[in-house]
Amino acid sequence: MPLEAGLLEILACPACHAPLKEADAELHCTGTDCGLAYPVRDGIPVLLVDEARRPA
Ligand SMILES: [Zn+2]
């Protein structure tokens, strides 16, 4: 399910405040030193650092 248009533009990574981009049903932080991947559940982004997947 795609996110609502415009939603990504107002969202930011809670850890580093970098913009997010949608990829593989997740929201990936674009911050170079961060790169956390946040899950999207039922179309709702879960922007919690505790829920984020750490980059490999
Ligand atoms: Zn980040």
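This report walks through the fold, the sheet, the core and a few backbone oddities of a small set of elements in one chain.

**Overall picture**

Keep in mind that this is a predicted model. The protein has 1 helix and 4 strands, and reading from the N terminus the elements go α-β-β-β-β. Its radius of gyration is 10 Å, close to the 10 Å from the globule rule for 56 residues, so the protein is as compact as a globular protein of that length. If you want a feel for the box, the C-alpha trace covers about 25 × 20 × 15 Å along its principal axes.

Two summary figures help set expectations. Buried residues come to 14% of the 56 residues. Among contacts with a separation of 6 or more, 13% link residues 24 or more positions apart.

**The sheet**

The 4 strands line up as an open sheet in the order β1-β2-β3-β4, with antiparallel pairing. That leaves β1 and β4 (44–45) as the edge strands, each pairing on one side only.

Start with β1 (residues 20–23) and β2 (residues 26–29): they run antiparallel and are joined by 4 bridges. Next along, β2 pairs with β3 (residues 37–41) over 3 bridges, again antiparallel. The last step, from β3 to β4, is antiparallel too and has 2 bridges.

Here are some of the bridge partners, strand pair by strand pair.

| Strand pair | Residue | Partner |
|---|---|---|
| β1 and β2 | Leu20 | Cys29 |
| β1 and β2 | Glu22 | Leu27 |
| β1 and β2 | Ala23 | Glu26 |
| β2 and β3 | Glu26 | Pro39 |
| β2 and β3 | His28 | Ala37 |
| β3 and β4 | Val40 | Pro45 |

Glu26 turns up twice: it stands opposite Ala23 of β1 and also opposite Pro39 in β3.

**The core**

Which residues make up the largest nonpolar core? There are 7 in all: Cys13, Leu20, Leu27, Cys29, Leu36, Tyr38 and Ala52. As background, nonpolar side chains in soluble globular proteins tend to be buried together.

Cys29 is a good place to look around. This core member is found in strand β2, and Cys29 is buried because 25 other C-beta atoms lie within 10 Å, where 20 or more is the cut-off. Leaving out residues up to four places away in sequence, Cys29 touches Cys13, Cys16, Ala18, Leu20, Cys34, Gly35 and Leu36. Leu20 in that list is also the bridge partner of Cys29. Cys13, Leu20 and Leu36 share the core with Cys29. Another core member, Ala52, is 23 residues from Cys29 in sequence, with 10.0 Å between the two C-alpha atoms.

Leu27 gives a second view of the core. With the same sequence neighbours left out, its contacts are Leu20, Glu22, Tyr38, Val40 and Pro45. Of these, Glu22 is the residue that Leu27 bridges to, while Leu20 and Tyr38 belong to the core along with Leu27. The other two, Val40 and Pro45, are bridge partners of each other.

**Positive phi angles**

Most residues other than glycine have a negative phi. A few residues here go the other way, and they are worth a look if you check backbone torsions.

His17 has a phi near 70° and sits in the loop between α1 (7–10) and β1. Is His17 buried or exposed? With 10 other C-beta atoms within 10 Å, His17 is exposed, because 12 or fewer is what that class asks for.

Asp24 has a positive phi of about 55° without being a glycine. Asp24 lies in the loop between β1 and β2, a hairpin with 2 residues between the strands. Asp24 counts as exposed, since it has 8 C-beta neighbours inside 10 Å.

The hairpin of β3 and β4 also has 2 residues between its strands, and Asp42 in that turn has a positive phi of about 55°. So both hairpins, β1 with β2 and β3 with β4, carry an aspartate with a positive phi.

Terms used
Residues numbered from 1 in each chain as written. Predicted model: local features only at pLDDT ≥ 70, side-chain atom pairs only at ≥ 80, totals over all residues. Core = buried A, V, L, I, M, F, W, Y, C linked by C-beta atoms within 7 Å. Contact = placed C-beta atoms within 7 Å. Pairing = 2+ DSSP bridges. Rg over C-alpha atoms; globule rule 2.2 N^0.38 Å.
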